[in-house]
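Hi,

Here is the structure I promised to pass on. Have a look at it first, and my notes follow underneath.

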Amino acid sequence: MNLAGPDLIVILLIILVLFGAKKLPELARGMGQAVKEFQKAKDEFSDELHKAGKTETPAARADLQPPASTVARTDATSPAATQPRPDPNQSTPPGNSADQV
């Protein structure tokens, strides 16, 4: 986006008409504070990323063990494994306890 001199002047005149001469310094001050806060948050986030990257060394990664499985294993002989599962696309049959109030 390439703004030339006349384009920028027209944009500034529109802003002057919309907000008025008395509100422009307050508007500029608020924009400056918003940019300052954004830069501060960006710098803090960047510093946290750099700190986290420096603390994790290859030796520390070698000490880590893979997590244990959290999925329960089922035996093929259990009653739940031998019963057929209901088709979720089918409607529930009438007389099911879910239909009764």
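What caught my eye is a nonpolar patch, to which helix 1 gives the largest share, 4 residues. Before I go on, please keep in mind that this is a predicted model.

The patch covers about 590 Å² of surface and is built from Val10, Ile14, Leu18, Phe19, Leu27 and Met31. Helix 1 isn't alone in this: helix 1 and helix 2 (24–55) each put in at least two residues. If you look along helix 1, it helps to remember that an α-helix has 3.6 residues a turn, so residues three or four places apart point the same way.

Take Ile14, which sits in helix 1. Is Ile14 buried or exposed? Neither, quite: its relative accessibility is 47%, so it counts as partly exposed, since that class lies between the 20% and 50% cut-offs.

Helix 1 itself looks regular in length. Its 15 residues (5–19) should span 21 Å at 1.5 Å a residue, and the end C-alpha atoms are indeed 21 Å apart, so the two agree. Right after helix 1 comes Gly20, with a positive phi of about 85 degrees.

As for the whole chain, you'll find 4 helices and 0 strands, in the order α-α-α-α from the N terminus. How much of the chain counts as buried? The figure is 0% of the 101 residues. The accessible surface comes to about 10,000 Å², and carbon and sulfur atoms account for 61% of that.

Cheers

Methods: Residues numbered from 1 in each chain as written. Predicted model: local features only at pLDDT ≥ 70, side-chain atom pairs only at ≥ 80, totals over all residues. Heavy atoms only, no water. Buried < 20%, exposed > 50% of the residue type's maximum accessible area, 1.4 Å probe, protein only. Areas by Shrake-Rupley, 256 points an atom, 1.4 Å probe, with all protein chains shown as cover. Expected span 1.5 Å × (residues − 1). Patch = residues over 30% accessible without salt bridge, like charges linked within 9 Å, V, L, I, M, F, W, Y side chains within 5 Å. Salt bridge = Lys/Arg side-chain N within 4 Å of Asp/Glu carboxyl O.
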